[in-house]
Amino acid sequence: MSLLLCRMEPVAHPFEVPELGVRLYSSQELCYVIYENPLLVMDDFVDERLIQFIRQDLNMEFLAGKLENWKKSGENPDNLLLLILSECQYYTGAEVSRYRQTLIQLRKKHPAQLEKDRADYFFEKKQYRRAISHYEKLLDRKRDNVVDDRFLGRVWCCLGACQARMFQFEKAYKAYDRAGFYDSKNPEILERIYSLKALYPQLPLNERYQTLFKTRDVKPWEEKIEEAKKKGQESPGVKEINALFMKDPEKRLEGAARLVKQWKQEYRSMM
C-alpha cells in the first residue's frame, strides 16, 4: 500500500489489518483501506478495536464517540464507514458520494452473490483460508433463482482453486470433481483436473477422467502447464534460491534462513 500523507499523527500502536498484511499509522491510511476495499470493511470492520485506535492513537475523540453511539443504536454499518471518510477529510465530498453509491450497489446484490464476491476478494488477496470459509458458507444456502447448479459449480471450482494454491491437491481434486457434478458443461473443470495430475502425478484419479483425457486434445493444456513451469523458474523466489547457491556457505545459510522466514510469513497470511 502506498500513500501520499498530508498530515502525520503520533500513532504509538498501529492498527493491524491482517487481511491486507498492513499496519495503519494515520487516518489517511485508514481511509484508503476503507475506500479501496469495500468488500473487506462492509460489515464488521468498525469494531471496538478500531474505535479504540481512532480515539487513543488518532486522537479523534469526537469521531470515536459518534461511532460508538451509532453502533449502539444499530446504525447501518455502511454509514459508519461514510462517517469515517467524511470526518477524516482525506477524500473529497464527490469521492465519498461515489463510495456511497458503491456500497448501495453492493447491497442490492443477492446475498449469495455478495458472499461470493467477498470470497473472490479474499482469493485475490491470497487469503485462501478466509476465502474457503466464505465459499463453504455458500454451499449451505437454500436453492433459489441465483443459487442453482451452475452457481454451485462455480463455488466448488473456486474452492478447488483455493486448495490447489495451498498445495492441498487431493482436496482440490475432490472439489473440482464436485464442480463437474453440478456444472458438467464447464470445459475448464476437466482442464484443471488434468493440470492437477500433471503437477502432482501421484494424485489418484477416477478412471472416468483417464478415459476423458484420451478423448480430448490435451496439447493446449500441456502448453499452458509448460508455460506456467517456465514462469515459475523465472519467478523472483526461484532466482533468489539459485543465487544463494552461488554464495559461500556462511552467506548461503544466512540467506536461506531469511528466505524461509519470509515464506513462512507469506504462508501464514494465506491462512
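# Contacts, helices and salt bridges

Trainee: Which residues does Tyr176 touch, not counting residues up to four places away in sequence?

Mentor: Keep in mind from the start that this is a predicted model, in which Tyr176 lies in helix α10. Once residues up to four places away in sequence are set aside, the residues that Tyr176 touches are Cys157, Gly160, Ala161, Ile189, Arg192, Ile193 and Leu196.

Trainee: Is Tyr176 buried or exposed?

Mentor: The cut-off to apply here is that a residue is buried when its relative accessible area is under 20%. Because the relative accessibility of Tyr176 is 4%, this residue counts as buried.

Trainee: The backbone nitrogen of which residue does the side chain of Tyr176 reach?

Mentor: Along the chain, Tyr176 and Ala161 are 15 residues apart, and their C-alpha atoms are separated by 8.4 Å. The side chain of Tyr176 nevertheless comes to 3.2 Å from a backbone nitrogen, and that nitrogen belongs to Ala161.

Trainee: Which two residues touch the most other members of the largest nonpolar core?

Mentor: This core has 78 residues, and its largest share, 10 residues, is supplied by helix α9, which covers residues 149-165. One of the two residues you ask about touches Leu30, Asn59, Met60, Leu63, Ala64, Leu67 and Ile84, when residues up to four places away in sequence are not counted. The two with the most contacts to other members are Ile54 and Ile84.

Trainee: How many of the residues of α7 are buried?

Mentor: Helix α7 runs over residues 111-124 and reaches 20 Å from its first C-alpha to its last, close to the 20 Å expected at 1.5 Å a residue. Its buried residues include charged ones as well as others, among them Glu115, Lys116, Asp117, Arg118, Tyr121 and Phe122. The elements that cover them include α2, α6, α8 and α9. Of the 14 residues in this mostly covered helix, the number buried is 10.

Trainee: With the side chain of which residue does the side chain of Gln127 make a polar contact?

Mentor: Gln127 has its place in the loop between α7 and α8, and it counts as buried because its relative accessibility is 2%. At a distance of 2.4 Å, its side chain makes a polar contact with the side chain of Arg130.

Trainee: How many residues apart are Arg107 and Asp43?

Mentor: The side chains of Arg107 and Asp43 meet in a salt bridge, with 3.0 Å from N to O. Arg107 belongs to helix α6, while Asp43 sits in the loop between α2 and α3, so that this pair links distant parts of the chain. Both residues are partly exposed, Arg107 at 32% relative accessibility and Asp43 at 36%. Counted along the chain, their separation in residues is 64.

Trainee: Which parts of the chain does the salt bridge between Arg208 and Asp177 tie together?

Mentor: The closest N and O atoms of Arg208 and Asp177 are 3.3 Å apart. Because the two residues lie in separate helices, 31 residues apart in sequence, the pair ties together α12, which holds Arg208, and α10, which holds Asp177.

Trainee: Why are Glu188 and Arg192 separated by about one helical turn?

Mentor: The side chains of Glu188 and Arg192 meet in a salt bridge, at 3.5 Å from N to O. An α-helix has 3.6 residues a turn, so residues three or four places apart point the same way. Both residues belong to helix α11, and the separation of about one turn follows because their distance along it, in residues, is 4.

Trainee: Which helix of the protein chain has the lowest confidence?

Mentor: The chain averages a pLDDT of 86, with 82% of the residues scoring at least 70, yet residues 1-6 have a pLDDT below 50. The pLDDT also stays under 50 over residues 259-271, a stretch with 14 contacts in the model beyond four places in sequence. Confidence is highest in α6, at 97, whereas the lowest mean, 47, belongs to helix α15.

Definitions and conventions: Residues are numbered from 1 along each chain as its sequence is written. This is a predicted model: local features need pLDDT of at least 70, side-chain atom pairs count only at pLDDT 80 or more; totals for chains, interfaces and linings use all residues. Side-chain values use heavy atoms; hydrogens and water are left out. A nonpolar core is a set of buried Ala, Val, Leu, Ile, Met, Phe, Trp, Tyr and Cys residues joined through side-chain atoms within 4.5 Å. Buried means under 20% relative accessible area, exposed over 50%, partly exposed in between (1.4 Å probe, protein chains only). Contact means heavy atoms within 4.5 Å. The expected span of a helix is 1.5 Å times one less than its number of residues. pLDDT is the predictor's confidence in each residue, from 0 to 100. A salt bridge is a side-chain nitrogen of Lys or Arg within 4 Å of a carboxyl oxygen of Asp or Glu. A polar contact is a pair of N or O atoms within 3.5 Å; within protein, one must be able to donate a hydrogen and the other to accept it, and residues adjacent in sequence count only if both atoms are side-chain atoms.
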